Structures are given as C-alpha cells and as structure tokens.
Amino acid sequence: MRIARAAAYATLLIAAGCQSNHSMLRSSASRQAANIEWLYWFIFWISLVVFVLVISFFARGSARSQVDDEEMAPVLPQDEERDRGAKAGVAVAIGITVVTLFVVLALSVVTGKTTAGLTSQNPITIQVIGHQWWWEFRYPNPQADLTVSTANEVHLPVGKPIVVLTTSRDVIHSFWLPNVDGKRDLLPGYQSAFTFQVDKPGIYHGQCAEFCGEQHAHMGFEMVAEPMDEFQQWLQQQRKSATDPQDITTVRGREVFLTHACVLCHTVRGTDAGSKVGPDLTHLASRRMLAAATLSNAPGSLAGWITDPQRLKPGARMPANPLQPDDLQALVTYLRSLQ
C-alpha cells in the first residue's frame, strides 16, 4: 500500500513538472537548449541506474538478513575470501564512479563551450534590464528616436543570432529562457553579454531564476520567436508614437492618464508622459500579458491591475489608483487603443 501511494505521488510530481511553462524538455528551440537537454538526460539516466542498483543492493541484503522479532540477528563468522570479494567490489564501484564523474565533467565543459560558442558578424542586439519585478527590453538604434523600449515581451527573429546585453537597476536578477539557453545573472552596475539563436518559431516563457524579493515568482516574460518579415513589421510598429484618440471616450481616457498618477511613472510616446520609472506603455495593447506575465492583457485584468495592483501582486512598486468608474472605463479604453 505504501509503495503504491509513493508511486502515485511520484506520478503526480512528474505530471506537474511536465505541465510547467519553465521546461526545456518539452521543446528545445535552439542549439544551446538542445545541448543542455542532451546533457540533462545523460546525467538523468546515469543517476537512475545508480539509484536502481543501490536500492536493489539494500533490498537484497535486507531480504537475506531478515529474522523474526524474537530471534537475534546471527553474527556472521569471519570469511577472508568473502572479505576480499567485498573489497574488490568496493574498489570496482569506486573506479566506475570516478570514471563516470570525469566523463560527466568533460561533457559539461564541452556543452558549456558549445553553448557559448555562437558568433556572428551581423547579429541583432537587445538590451535586457531587470527591475523589481518586471523586465525592460530595448532594441537600440544609432538614431535615438528609432530605439524601441518594451516590457515583459521580447520579439526575436527565427534563425538570426541575437546578442543580449544584460544589467539590473536594483538587485541581482537572472534571465532564464529554458527553451533557448541557460540562466544568465544580471548584476547591478555591471553589463554582461551572451549570444543565442532561436531555431523554432513560437511563444516561450521566461522567468527570473535568482531570488530577488517578494514578487520574484511573478517576474516572468514571454519570448515571441517569429519569421524575419513578421519581426521587422513588429519592430516598425513599435517605433511609432501612440496614435491620437479617435472618439470621446478615448480622449477622456488620455486626459485621465495625463492628469493622474499614471503620468508620474510611465511613458506614452506622442504625449507629455515621459517618465522612466515603470514600463513604457506606448504599445501596451499589443502585448499578450500584463504585470510581468502574471495576468492576461484583457480589459478586466487591466482594470483590476490599475485599481489595486497590491491585491494581485503584493509588494509591486505600482500603487493603487482609486478612480471613478467612468474614469476607469475611459482609461482602460485608451490603454487598449495603444496598439
């Protein structure tokens, strides 16, 4: 009964792990992730074999020495031949262990070099800046007004090397795209760089992998890997300023945005809002998720996030914004127009 229960618990844990958004084992989207996955399975099967052998050894020994409760365990007589065999077995086991560890070490070094060995003369550069608790992505351009800044959603072209420049504005964060590459630490005051290439189109989930405070678990982001032509269309759209409102409700929503606390923290290009404290909202409606991939970008979620972000994400830097129902509806309408 206990064995069956333990097996059931193990099955549930495995199933839960398979459902996670943070697993490269479901779909490796790059050469780096495929190499890491291969190394993982290699170590996994070695560990499984060792586990089975150890459990079998102890189970066999337990079965052979089983006695009744009223009997005392027998004292085995000294047997030199048996002791020599046991010593030889231990020596062989130690030798196999040492060789296995050196093989794993060598493969880890090779995998690390392969993962870091991607180079290109014409890569796309993206700046990743970690904040408590959201991600800022910048696409730099020599012409300042063509630089794109977005939040919690990064778009990348398939089959094109990407150079990622990382830093942090507050504490140590860790940029982790498990379907693409290993985790990379972001240190305050320092800039690091790494390169990868996405080979499969799709939407992949990323996460901060270094504990960075109260809302560390809700510091996620999405990577949208798409063909080059679709990426270029997205990039051109992101470079545009916000369009002017076309109806009375949207005009009222922009007025609410510019006359309340929103303007103190956010940027909407094409308006007087230019603060860099929080995410750039110029194209907010084009994003799939809100609050660092915590909420879907739906009108109800957006209204709830504006009104009381602390209830949805306690400790977030965004304060509550109590608004009249009509003002809130107008503000949501305006923000939903920022494509």
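User: Which residues have the most contacts inside the largest nonpolar core?

Analyst: In this predicted model, the largest nonpolar core has 30 residues, and those with the most contacts inside it are W135, F175, F196 and M223.

User: And which elements give two or more residues to that core?

Analyst: Those elements are the strands β1, β2, β4, β5 (162–168), β8, β9 and β10, together with the helix α4.

User: What does F175 touch, leaving out residues up to four places away in sequence?

Analyst: With those residues left out, F175 touches V128, W135, F137, G182, K183, R184, L186, F194, Q207 and F221.

User: How many residues are in the other core?

Analyst: The other core, which lies apart from the 30-residue one, has 23 residues, and A242, L281, W305 and A316 are among them.

User: Switching to sheets, what is the strand order in the one that contains β10?

Analyst: That is an open sheet of 5 strands in the order β4-β10-β9-β6-β7, and its pairing is mixed. Its edge strands are β4 (153–157) and β7 (184–186), each of which pairs on one side only, and the twist from one strand to the next averages 25°.

User: Do β4 and β10 pair parallel or antiparallel, and over how many bridges?

Analyst: Strand β4 pairs with β10 (residues 220–226) in the parallel sense, over 5 bridges. Within this pairing, V154 has M223 in β10 as its bridge partner, and M223 is also one of the residues with the most contacts inside the largest nonpolar core.

User: Where does α4 lie relative to those two strands?

Analyst: Helix α4 (residues 228–238) lies across β4 and β10, and runs at about 135° to β4.

User: OK, what about the sheet with β1, which strands are at its edges?

Analyst: That sheet is also open and has 5 strands, in the order β3-β2-β1-β5-β8 with mixed pairing. The edges are taken by β3 (148–151) and β8 (192–196), each with a single partner strand, so one side of each is left without a neighbour in the sheet. On average, and with direction ignored, neighbouring strands here are turned by 25° against each other.

User: How many bridges join β1 to β2?

Analyst: There are 5 bridges between β1 (residues 124–131) and β2 (residues 134–139), two strands that run antiparallel, and in this pairing the bridge partner of I129 is E136 in β2. Helix α4 packs on this sheet as well, where it touches β1, β2 and β3 and its direction makes about 100° with that of β3.

User: Back to Q207, which F175 touches. Is Q207 buried or exposed?

Analyst: Residue Q207, which sits in strand β9 (residues 202–208), counts as buried because its relative accessibility is 9%, with the cut-off for buried being under 20%. A polar atom of the Q207 side chain lies 3.4 Å from the backbone oxygen of M219.

User: And H218, where is that found, and what is it in contact with?

Analyst: Residue H218 is found in the loop between β9 and β10, and is partly exposed, with a relative accessible area of 34%. Leaving aside neighbours within four places in sequence, H218 is in contact with W133, Q207, A291, A292, T294 and K313.

User: What separates the C-alpha atoms of H218 and A292?

Analyst: Those C-alpha atoms are separated by 6.6 Å, although H218 and A292 are 74 residues apart along the chain.

User: Which side chain makes a polar contact with the side chain of H218?

Analyst: That is the side chain of Q215, at 2.7 Å.

Technical notes
Residues numbered from 1 in each chain as written. Predicted model: local features only at pLDDT ≥ 70, side-chain atom pairs only at ≥ 80, totals over all residues. Heavy atoms only, no water. Helix = DSSP H or I, 4+ residues; strand = E, 2+ residues; numbered from the N terminus. Buried < 20%, exposed > 50% of the residue type's maximum accessible area, 1.4 Å probe, protein only. Polar contact = N/O pair within 3.5 Å; in protein donor to acceptor, adjacent residues only side chain to side chain. Pairing = 2+ DSSP bridges. Axes fitted to C-alpha atoms, helices over the stretch in contact; angles between N-to-C directions. Contact = heavy atoms within 4.5 Å. Core = buried A, V, L, I, M, F, W, Y, C linked by side-chain atoms within 4.5 Å.
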